[in-house]
Amino acid sequence: SMKFTNTLLKGKLQRRYKRFFADIEVNNKTVVAHCPNTGSMMGLLDQENEAWISEHNDSKRKLKFTLEMIKVKTRLIGVNTHRANRIVEHALENKLIKEFSTIKNIRAEFKYSDDTRFDFLCDKKILEVKNTTLMREDDIAEFPDAVTSRGTKHLQKLKESIKKGYKPYVLFLTQIQGINNFRIAKDIDSNYFINYIEAKKAGVNFLAYRCKLNSKEIKIEKKIKILNV
């Protein structure tokens, strides 16, 4: 599953900079952690937020630590986007996503066309995963946290895939502890929202599942409600 190899170290976030670096204070020392999230991380970066990092003793790595989770108010949020597909793969293998519980074959990194890959092909179902970490109002997760032209392109390709006999799904993997609702942040990317509505009408399926998070593992917990109709 998405078990961490070692239990995570807890510290305090000092700052994130140059996109891929975060200073974390652990036991009165500041360490530099790799920040594996290219998004804006809106709402997550307040100084002194509790942060959890993993430690790697691999001599080939430039940085020994990786930022994994941040606590915002009372909720843990998983910020390592590289882990999203492994969390979903574990969920598919263990039938934790009920819409995919009868599938026989899981293929990761499905090459749909020359310019498009989707995260998974499960029998005839395409599954595209969107990691979700934004929470501006209590108990509502949102995506995207910045304009996503790539996300919009994916929606258009998913819509087109229906004509080729595929059943397309988008999964908003909500790495926010205990949250119950999800919506598209249309004020952040109105173009994505318009394309979402069109894709939905055309037959693209949208799902939001939240994760259970702790310092030992992250895994899919349950389906949550999508508020944009």
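## Strands, rings and two buried residues

Let's start at a turn: S10 and S11 make a hairpin with two residues between them, and Asp 139 in that turn has a positive phi of about 65°. Keep in mind while looking around that this is a predicted model.

The two arms of the hairpin run antiparallel and are joined by two bridges. One of the residues involved is Glu 137, whose bridge partner in S11 is Ile 140. On from there, strand S11 (residues 140–143) pairs with strand S13 (residues 181–184), this time in the parallel sense, over four bridges. If you want a spot to check that pairing, Ala 141 stands opposite Phe 182 in S13.

Put together, these strands belong to an open sheet of four, in the order S10-S11-S13-S16, with mixed pairing. Which strands stand at the edges? They are S10 (134–137) and S16 (225–226); each has a single partner strand, so one side of each is left without a neighbour in the sheet.

**Around strand S5**

Another strand worth a look is S5 (residues 65–72). Seven of its eight residues are buried, so the strand is largely enclosed by the rest of the structure. The pairings of S5 go like this:

| Strand paired with S5 | Sense | Bridges | Example of opposite residues |
|---|---|---|---|
| S3 (residues 29–34) | parallel | two | Ala 33 and Phe 65 |
| S4 (residues 50–55) | antiparallel | five | Ile 53 and Leu 67 |
| S6 | antiparallel | four | Lys 71 and Leu 76 |

S5 and S6 also form a hairpin, with two residues between them, and Lys 73 in the turn has a positive phi of about 55°. As a general reminder for reading strands like these, side chains in a regular strand alternate between the two faces of the sheet.

Now zoom in on Glu 68, which has its place in strand S5. Is this glutamate buried or exposed? Glu 68 counts as buried, because its relative accessibility is 1%, below the 20% cut-off. Leaving aside neighbours within four places in sequence, Glu 68 is in contact with Phe 4, Leu 8, Trp 52, Ile 53, Ser 54, Ile 77, Gly 78, Val 79, Asn 80 and Arg 83. That list includes Ile 53, the residue of S4 that has Leu 67 as its bridge partner.

Val 79 is on that list too, and it deserves its own stop. Val 79 is found in the loop between strand S6 (75–78) and helix H1 (84–93). With 0% relative accessibility, Val 79 counts as buried. Again leaving aside neighbours within four places, the contacts of Val 79 are Pro 36, Asn 37, Met 41, Leu 44, Leu 67, Glu 68, Met 69, Ile 70 and Thr 133. Among them, Leu 67 is the bridge partner of Ile 53 in S4. What separates Val 79 from Trp 52, in sequence and in space? They are 27 residues apart in sequence and 9.9 Å apart in space, C-alpha to C-alpha.

**Rings and charges**

On to the aromatics: the count comes to twelve aromatic pairs. Phe 110 and Tyr 112 make one edge-to-face pair, 6.4 Å centre to centre with 70° between the planes, and both residues are buried. Tyr 196 and Phe 206 form an edge-to-face pair as well, at 4.7 Å centre to centre and with 70° between the planes. This one links distant parts of the chain: Tyr 196 is in helix H3 (residues 190–202) and Phe 206 in strand S14 (residues 205–213), ten residues apart. Tyr 196 is buried, with a relative accessible area of 0%, and Phe 206 counts as buried at 12% relative accessibility.

Tyr 196 and Phe 206 are also part of a cluster linked by ring pairs, together with Phe 143, Phe 172, Phe 182, Tyr 192 and Phe 193. Phe 182 ties this back to the sheet, since it is the residue of S13 opposite Ala 141.

Finally, two rings have a charge sitting over them. The charged end of Arg 15 is over the ring of Tyr 17, 3.8 Å from its centre. Over the ring of Tyr 166 sits the charged end of Lys 124, 4.4 Å from the ring centre.

Note on methods. Residues numbered from 1 in each chain as written. Predicted model: local features only at pLDDT ≥ 70, side-chain atom pairs only at ≥ 80, totals over all residues. Heavy atoms only, no water. Pairing = 2+ DSSP bridges. Phe/Tyr/Trp six-rings, centres within 6.5 Å; stacked < 30°, edge-to-face > 60°. Buried < 20%, exposed > 50% of the residue type's maximum accessible area, 1.4 Å probe, protein only. Lys NZ or Arg CZ within 6 Å of the ring centre and 35° of its normal. Contact = heavy atoms within 4.5 Å.
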